[in-house]
Amino acid sequence: MINVALNGTRLGATQKRMIRTGALLVVVALAAPAFAQPMDPYAAPPGQDPVLNEQVAEQLVARAQELIDAKLWVDAKQLAVEALVQSPKGNAAERARYIIRLVNQQLGITDDTNLVPPPNPPPEPPPIDNTISDPTAHAPASAAQPAPEGGTRHDGSTAAAVHGGFVGALLGATIGAAIDSDHPQDAAIPVGLAGAVGGALLTQRLVGHKLDEAQVRTVGSGTVWGAVAGGFFADVVQGGNGGSATAPGILLGGSIGMVAGGVGGALLAKDHKLTRGDVALVDTFAGMGTVGGLTIGMLMQPAQGEAYSLNAVLGAGAGIVTGLVVAPKTNTTPRRMLRVAGLAAAGGAIPFALYAAIHTDSSTADERTTGALASIGLVGGAWLGFYLTRHMDEGLDVPEGVPGTPPPKDDAPPAVVGRSSDGRWTLGGIGVMPTSRVLAPQPGMTFTLAGATF
């Protein structure tokens, strides 16, 4: 209760109420400025300004449209997504969703216009370790060590045993046939079997763990195709001028070719020139060349039978040279080339089923037809194999112990002929795009013949 005396006079009840009301108004007036202060924009949590967000979204969408006109699809989509984050329900949102749909159509990906990236969750605090360890203690010897960088080194023991057995068998058969030239099979078979066992064990022991599989297969491929070419060439030499080829002569020619091919393979293997996939590619092309030479001989129907052997030698040589040139520029693995070789063999073998139905002794048309179809089937099967396995084992065709390379980039713009940022030129699809209103006011369509990404 307030009792105030002015000039010694006591105030009445009405005057007391007026004083209380005036005091209350003064308190409210003094407190009002504190409530009238503007909101701090940096206060936590921050305030959201929809007008400012919509303006930012409009600017992002406008810039994204410019990138669309320049065919920078990925950058345009990124700006459109950021515009959706700024203003998911504003006027710019519909334009942003349209840009995202257009980019998705060009890139061939699933439509994701309704997906707005969620905010990143706050990082979880690291667990508290209450244990006390001795900083001077050494790590146990059994602690796991990080794996060395690089591709897997494949042991060459199995490949060494296989190719060593082949070399020993051919050398043994050649020696056995020379011992008894009148009956070469009597000595060639047992001596060849003994040579196969001895060659497999000896080669595996000497080089199986010293060389990787790519090196062993390089040398082995040289011995195999050298032997094939040498045997066919011996048949050409012996059968010419009315002569006849003999088993000891063909085996001797094969052994000489095997040694020569092995020396060439060793020179390539010394410097790691070829990978496992490269050797598989050379083997496939060499086999196709050899078989193709024989089927083309059926088409030619030469006067002398030795022409078949000569075609095989030329075909094997052409296949080896082609494989050595192409292999370093391709991405092939043994698994992929096994499928290619299988389809090529099937394409070349299917026409021979027709030969049994159309065979006749009165004409050579049946053999010519079969040879032509087999040659076409051989190439067609190989092409189909390469096409069906075009994305198999990408980036795995690397030397032993060398890190794998990433798959080739596929960021060429939609065009008939496109260039990716890694420098590869490829045939693409038909790129039809609406004409930008910035370049032309009237509606229209554009057709892109060539495009490149740098």
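A residue counts as buried when its relative accessible area is under 20%, as exposed when that area is over 50%, and as partly exposed in between. The exercises below use these cut-offs on a predicted model.

**Exercise 1. The whole chain**

State what fraction of the protein is buried, and how many helices and strands the protein has.

Solution.
- Step 1. Applying the cut-off for burial, 33% of the 454 residues count as buried.
- Step 2. The secondary structure consists of 12 helices and seven strands.
- Step 3. Among contacts with a separation of 6 or more, 68% are accounted for by residues 24 or more positions apart.

**Exercise 2. Helix α5 against helix α7**

Decide how α5 and α7 are oriented to each other, and find which residues make the contact.

Solution.
- Step 1. Locate the two helices: α5 covers residues 157–179 and α7 covers residues 213–239.
- Step 2. Their axes come within 9 Å and cross at roughly 25°.
- Step 3. Angles under 35 degrees count as roughly parallel, and α5 and α7 are therefore roughly parallel to each other.
- Step 4. The crossing in which α5 passes α7 is left-handed.
- Step 5. On the α5 side the contact is made by A159, A160, H163, F166, V167 and L170; on the α7 side, by E213, V216, R217, G220, S221, T223, V224 and A227.
- Step 6. Sorted by type, the residues of this contact are eight nonpolar, four polar and two charged.

**Exercise 3. Helix α5 against helix α8**

Describe the crossing of α5 and α8, list the residues that meet, and place P248 in the picture.

Solution.
- Step 1. The axes of α5 and α8 come within 9 Å and cross at roughly 145°.
- Step 2. This crossing, too, is left-handed.
- Step 3. From α5, the residues F166, V167, L170, L171, A173, T174 and A177 meet P248, L251, L252, G254, S255 and M258 of α8.
- Step 4. The contact of α5 with α8 divides into 10 nonpolar, three polar and no charged residues.
- Step 5. P248 belongs to α8, which runs over residues 247–270.
- Step 6. With neighbours within four places in sequence left aside, P248 is in contact with A177, S181 and P184.
- Step 7. P248 and G176 are 72 residues apart in sequence, while their C-alpha atoms are 8.7 Å apart in space.

**Exercise 4. Checking the length of two helices**

Test whether α3 and α9 span what their residue counts predict, then look at their burial.

Solution.
- Step 1. Helix α3 (residues 73–86) has 14 residues, so at 1.5 Å a residue a span of 20 Å is expected; the end C-alpha atoms are 20 Å apart, which agrees.
- Step 2. Helix α9 (residues 276–300) has 25 residues and should span 36 Å; its end C-alpha atoms are 36 Å apart, which also agrees.
- Step 3. The buried residues of α3 are W73, A76, K77, L79, A80, V81, A83 and L84.
- Step 4. Of the 25 residues of α9, 18 are buried, and the helix is mostly covered.

**Exercise 5. The residue after α9**

Find what is notable about the phi of Q301, which follows α9.

Solution.
- Step 1. Q301 sits in the loop between α9 and α10 (306–326).
- Step 2. Most residues other than glycine have a negative phi.
- Step 3. The phi of Q301 is near 55°, a positive value in a residue other than glycine.

**Exercise 6. Three residues, three degrees of exposure**

Classify T370, R339 and H391 as buried, partly exposed or exposed, and note their surroundings.

Solution.
- Step 1. T370 lies in helix α12. Its relative accessibility is 1%, so T370 counts as buried.
- Step 2. Beyond neighbours within four places in sequence, T370 is in contact with M298, P351, F352, Y355 and I358.
- Step 3. R339 lies in helix α11 (residues 334–358). With a relative accessible area of 36%, R339 is partly exposed.
- Step 4. Not counting residues up to four places away in sequence, R339 touches T389 and M392. From R339 to T389 the C-alpha distance is 8.0 Å, across 50 residues of sequence.
- Step 5. H391 is in the loop between α12 (365–388) and β3 (417–419). Its relative accessible area is 59%, so H391 is exposed.
- Step 6. The C-alpha atoms of H391 and T332 are separated by 9.9 Å, with the two residues 59 apart along the chain.

How values were computed:
Residues numbered from 1 in each chain as written. Predicted model: local features only at pLDDT ≥ 70, side-chain atom pairs only at ≥ 80, totals over all residues. Heavy atoms only, no water. Axes fitted to C-alpha atoms, helices over the stretch in contact; angles between N-to-C directions. Helix = DSSP H or I, 4+ residues; strand = E, 2+ residues; numbered from the N terminus. Parallel < 35°, antiparallel > 145°, perpendicular 65-115°, else oblique. Left-handed = near helix turned anticlockwise from the far one by under 90°. Contact = heavy atoms within 4.5 Å. Nonpolar A, V, L, I, M, F, W, Y, C, P; charged D, E, K, R; others polar. Expected span 1.5 Å × (residues − 1). Buried < 20%, exposed > 50% of the residue type's maximum accessible area, 1.4 Å probe, protein only.
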